[in-house]
Structures are given as C-alpha cells and as structure tokens.
Amino acid sequence: MSKSSPRRRFGGKSTGTVTVIEARVHRSSARNAKVAFVLTAIIVGGLAAVVATSYLHPIVALLLGGLIGVTTGAFVWLLVRVWPVIRLLWWWSTEILLAVVLLTGWVQLANHTSTLVTLVVVAVLVGVPAGIPKLRRLVIAWSWCLIVRHRLRVCFAQFIIASQSGSLPLILWATPTPVGERVWVYLRPGLSAKDLEGRLDKIAVTCHASTVLIERASEGNAAYVRFDIKRREVLNARVNSPLVDVIDPSAPASASPLTVPTALDLPDVEVPTVTLPTQAKPAGKKSAPTTTANGSKPAASSADADDDVSDWI
Amino acid sequence: MTTTIPATTTAAAVPVGAGLSMFDPVFIGIDEFGQPVYLDVVYHNLLAAGEPGGGKSGLVNNICGHGVLCDNTRLVLFDAKLVELGPWRDLADAFVGPDIDYGIDTLRRLLVVATNRYTWLLANRRRKLGPDDGMTVILTVIDELAMYSTVLGSKAQQEEFSTLLRGLVSLGRACGMPVVAATQRPSWDIIPASLRDLFGYRAAFRCTSLNSSNIILGQGWAEQGYTASDIAPTNQGAAYLLAEGGMPRRIKAAYLTDTDIYNIADYAAWTRTPTRTTGLPDMGLAA
C-alpha cells in the first residue's frame, strides 16, 4: 500500500490518506456505483410503484415507489462503492481469519493459564508440526498455497493486462501437489489460456517457482483454467518395476549358444578383412570408382571393402 | 577363432507363468504425483525418443519384460546394437540384429500375418481383435530405429524398411500387432514424417533443444512449457509422455537392472518352455 502522493514518500508530512484501491479501479468503481444507483432506483422504484397501485392511491404509490427505489439504489450504490474493499478483504480472508484465531487463542491462553503452561502449550503446538517431517511438509505445502494465490494475483494485476475496467480473474482454490501447487482460475473477458502461455516464465518468477504450466480445467468452458506450479523435481529416485516381484529369481539360466568373435580390439582386425555386418553400398552412390583420390587405380577385389569403410568414417 | 558359450540345461519342472496378458495395462513408471503410469500397448504404437543415455532402453525393456511374461504373446525384436534387446532374444520369434535384409523379410512376414488377421476379422464380422479371441499378440520392438532407416543397407533397402514399417504401424493396431520403436531423434531426415506421425503414444526423453522435443511430442508443446530439454541430464528415465489425456505428462520410467532383465528372461524362458520356438534365429551376426 503506497502513500497517495509520491512527493511525500520520504518522510514528508502525510495527509493521512492511504491508497488502498488503485486510482483506475477507484474511478471505475465510482462510475459503476452511479450507474447501479440510477438503474436500481428506476427499476425497483417502478416495480414497487406498480405493485403499490393495487393497494394505494396512484400518487401515494408513486411516492412510495420512489422512496423504495431511492433506498434500494442507495444500498446498491454503497455496495458497489465499497466492493473493491470487500474484494480486498475477501482476498485476505484466510489470513485475516487465521490471524484472528491465533491472536484470540494466544490472548485467551495467556489470560487463563500461567506463563509456564502457556509456553508449554505453544511449544507443543509449534514443536509437534515442526518436529514431525510429514506434518511440517503439509503445513509448508498449504502455506505455499496461500502465498501462491497472492502471487498469481500480483501477476494479473502487474503485467497481464486484462479488461479495461481492470477487473482481475477469479483466483479460486489452490491445492498442494508433490511438485508444487495447483491453482484453479476463472478468467475474465479479455484473457485466454493462449495469452497466458507466452508469459509462463514471468509467472514462474513471480511465484518463486521453477516452471508454471497452464491447462484448461474444463472441456466445455475455456475460461476455467488450471495453473500447475512446479518448484521441485520429484522424479529423481529410481523406480523399480513390479515385474521383478512376479518372477522366481532362481529360474535356471537360459541362453542359446552364442558365437562370440575373438577379434575384440582394433589390431585384431586386419584391414582387408573388414566386413561390417551386411553393410551394402548406398544406392545413390556410383559403382566402384575408377580411380582413388590420389589418382591410382584401386584393386578391383578391394573396391567393396573400401566403400564400406568410407561409409563408416 | 571363435568361442562358443554353451546353452545351460533346463529344469525338469516348469512353473505356471506370471499370468499376465498383453491386454493388461503395461506398467512403465510413475508420474509426478507418484501415481503409476500404465500404457495400453496393444491398441497403440509407442515412439520413444531422446538423446543417448536418456533412458529409452529402460522403457523399452519394461515393455519387453511385460511382453515375455504374458501369455499368448510373441515378440519380434529389432536391435542393431544387440545388447539392448539381446537378453530377450531366445524368447523372441525373430531377433533382427544388424541385418537389414533379415529385417525386411521379417517385416514382410509380419505384414502378411496382419493382412491375414484382417481377413479373419472380416470373416468373423469384427473390426478389432479382442482378448477373448485367443489370437496371439505379436509385439514388435525396435531399438535404434535410425540404424535401419539411415545406416544399414542401401538407400533402397532403408526406404523399403521404412515403407514396410509404416505399413505395419498403420495396420498392426487393431489386429493385435503393436509396434514399439525407440530412436534418438525422429526428425524427417531420420524417419519419414509420415511414419513418425502414425505413433499414437510418444515418450520424449531428455533432448538438447526445444525443437528436438517438439519433433518427438508434436509441434507446439514446447511453447506451452512441455519440453524435454528441461529434464536434467543426470535424471535418466525421466520423460514427457503423451498418451491418454491429451496432455504430456512428466514420468519416470521404471528401471530394470541387467540382473533383473536376465532374471525375467530366464524365468520367462522357463515358463514358456512348452510353446517357445526353439533354435536361435539368424540375426545376421558375422562370425
């Protein structure tokens, strides 16, 4: 949250206002609120007046309708006006809830127990998850899920330009996966999975991750996508095959007789006797050359062998 | 000047086989969520590619290992390097070494079988072979496909090999004759694009560039973040698998040590004693 005036950033006198909502969103919200007020007032007021004419004098009904319309419109105006703040609270709702629960718990604990008991309870609550690796990993994984939703929102707000009104995609729930997190997002008009594919590297940087993949989460709705955030390589260990378990390793060895050549080193193979296994001449090549590179005539009998060697060099 | 390694004796008693079927899902490894990854190999052709030492042979050996332990399954193996699929050579109905002529003959035989099977299916008012038909599954496994399509033999033979293989890959799917092929880089100059595109399942092991990864998985995946170039060189067996689901999945292929492979091969040979073909087929090995 930055100060409203950049001039006063460095210790100048503050006006006391803090920018919670960006100016663009603020203007858009004001306009929307006005439109919402007028529309609600007219529609609700009109409907209320029509219904009221059945019971009251038309003029009284009209006045009543106007009153109901203005009241409802004002309520809607207020709702739309504070919507950016409600949205902000919604984004941080989990953290706010967690903070409230933790603080309340701490205060209640401190008020109702002695210091020693308080410390023991806190030590158990913190120490047990920290000491048991499985629990610790679970807590860390879910913490990343909280963090990554905010990081994704930063991506959308900072460098992924969406609609003119500046509304952000709905970042739905996130779950931990063995490699990182998986976050479901509902895109708003102006964005597509294709647009995001070109920015996956930037998203990965913003999310402090290694790589990010995006795929559609629904066959029928292109707006519903899924981000796979990957921060660690898990496929490092060796995977054993279950085939080993279905066999009896004491089975008698079975191998057909195999003729093994003894020429296993280069000097063992004499030059004219090179015969690569059925290595035939390439079709595109001309038949045996009449002269070699130095102009001498090759021996007719070694022409095939020469061709074979040159293919392999 | 040759030495001969004698065949060892076989035991008198023969155990019951492992009870697997090629129609069962074939376990090939785990994914990033720790879930096992299975492939339906019978009805799909698999192309595994990536740089040397990436773990292609591990994947191929998993499938071979499953194949040899299956009932009613025949193996046809192509391995110019001999050692990758060599352990299964006695269990295979044909083992093609660095001999393209024998390879072409074998592919021709397979195509005749495929055509005959389709005639049989037509006569039985069917379009696809099922597990209850009692017909054998003929699993063709090719390690280092590029050796047959670019190195061994003449240009005409290489083209003939590619054409015959294209026929087998396109025909084999529904008649129980799947093809599993591995190569380093399946670009058009190594394997015709028309052949490459027939493989439904793709496994991209580590590549050096985005482009290489795209060649294996298909155009556009690298741009979406699915690139095998981000696999660490030390992480052998890690790959992107494009199979069911339509999205590439990061997997780690299960690894069989040499001892495991030979143990499985020995056990399979033991259980297959009544049905296996006897005698080593001509691999084209120079004495």
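This report walks through the cores, a helix, a surface patch, two unusual backbone angles and the salt bridges of a predicted model.

**Cores in chain B**

Let us start inside. The largest nonpolar core has 50 residues, and those with the most contacts inside it are B:Ile28, B:Leu69, B:Leu77 and B:Trp88. The element that gives the most to this core is helix H7 of chain B (residues 258-271), with seven residues. B:Trp88 is a good place to begin looking: leaving aside neighbours within four places in sequence, its contacts include B:Leu77, B:Val68 and B:Cys64, and also B:Ile261, B:Ile264 and B:Ala265. Apart from this core lies another, of 30 residues, among them B:Ile142, B:Cys175, B:Ala181 and B:Leu195. In soluble globular proteins, nonpolar side chains tend to be buried together.

**B:Val179 and helix H4**

B:Val179 belongs to strand E10 of chain B, which covers residues 179-183. B:Val179 counts as buried because its relative accessibility is 0%, under the 20% cut-off. Not counting residues up to four places away in sequence, B:Val179 touches B:Asn45, B:Leu46, B:Thr140, B:Ile142, B:Leu165, B:Leu168, B:Val169 and B:Phe199. A separation of 9.4 Å lies between the C-alpha atoms of B:Val179 and B:Val76, which are 103 residues apart along the chain.

Three of those contacts lead on to helix H4 of chain B, since B:Leu165, B:Leu168 and B:Val169 are among the buried residues of H4(B). The helix runs over residues 155-172, has 18 residues and reaches 25 Å from its first C-alpha to its last, close to the 26 Å expected at 1.5 Å a residue. Its buried residues also include B:Gln157, B:Gln158, B:Phe161 and B:Ser162. What do the buried residues of H4(B) pack against? The list is strand E7 (73-79), helix H2 (100-123), strand E9 (137-143), helix H3 (145-151), E10 and helix H5 (193-196) of chain B.

**A nonpolar patch on chain A**

Moving to the surface, a nonpolar patch on chain A has about 1100 Å² of accessible area together, and its members include A:Phe75, A:Trp77, A:Trp83, A:Trp92, A:Ile96 and A:Val100. Helix H2 (58-91) and helix H3 (93-112) of chain A each supply at least two residues of the patch, and H2(A) gives the most, with nine residues. A:Trp92 sits in the loop between H2 and H3 of chain A. With 38% relative accessibility, A:Trp92 counts as partly exposed.

**Two positive phi angles in chain B**

Most residues other than glycine have a negative phi. Two loop residues deserve a look here. B:Asn72 has a positive phi near 60 degrees and lies in the loop between strand E6 (70-71) and E7 of chain B. Its relative accessible area of 35% makes B:Asn72 partly exposed. B:Arg125 has a positive phi near 55 degrees and is found in the loop between H2 and E9 of chain B. At a relative accessible area of 80%, B:Arg125 is exposed.

**Salt bridges**

The count comes to 17 salt bridges over all chains. Here are some of them:

| Basic residue | Acidic residue | N to O distance |
|---|---|---|
| A:Arg231 | A:Glu181 | 2.9 Å |
| B:Arg250 | A:Glu233 | 2.7 Å |
| B:Arg196 | B:Asp197 | 3.7 Å |

The pair of A:Arg231 and A:Glu181 links distant parts of the chain, 50 residues apart: A:Arg231 is in the loop between strand E4 (224-230) and strand E5 (258-261), and A:Glu181 is in strand E2 (residues 180-186). Are these two partners buried or exposed? A:Arg231 is buried at a relative accessible area of 15%, and A:Glu181 is buried at 1%.

B:Arg250 lies in strand E13 of chain B (residues 249-253) and A:Glu233 in the loop between E4 and E5 of chain A, so this pair joins two chains. B:Arg250 is buried at 5% relative accessibility, while A:Glu233 is partly exposed, with a relative accessible area of 28%.

For the third pair, B:Arg196 is buried with a relative accessible area of 14%, whereas B:Asp197 counts as exposed at 52%. Finally, salt bridges that share partners join A:Lys230, A:Glu233, B:Glu32, B:Asp230 and B:Arg250 into one network.

Definitions and conventions: Residues are numbered from 1 along each chain as its sequence is written. Chains are lettered from A and ligands numbered from 1 in the order in which they are written. This is a predicted model: local features need pLDDT of at least 70, side-chain atom pairs count only at pLDDT 80 or more; totals for chains, interfaces and linings use all residues. Side-chain values use heavy atoms; hydrogens and water are left out. Helices (H or I, at least four residues) and strands (E, at least two) are DSSP runs, numbered from the N terminus. Buried means under 20% relative accessible area, exposed over 50%, partly exposed in between (1.4 Å probe, protein chains only). Contact means heavy atoms within 4.5 Å. A nonpolar core is a set of buried Ala, Val, Leu, Ile, Met, Phe, Trp, Tyr and Cys residues joined through side-chain atoms within 4.5 Å. The expected span of a helix is 1.5 Å times one less than its number of residues. Patches are made of residues with over 30% relative accessible area and no salt bridge: like charges are joined within 9 Å, nonpolar side chains (Val, Leu, Ile, Met, Phe, Trp, Tyr) within 5 Å. Accessible areas come from the Shrake-Rupley method with a 1.4 Å probe; for residues, only the protein chains shown count as cover. A salt bridge is a side-chain nitrogen of Lys or Arg within 4 Å of a carboxyl oxygen of Asp or Glu.
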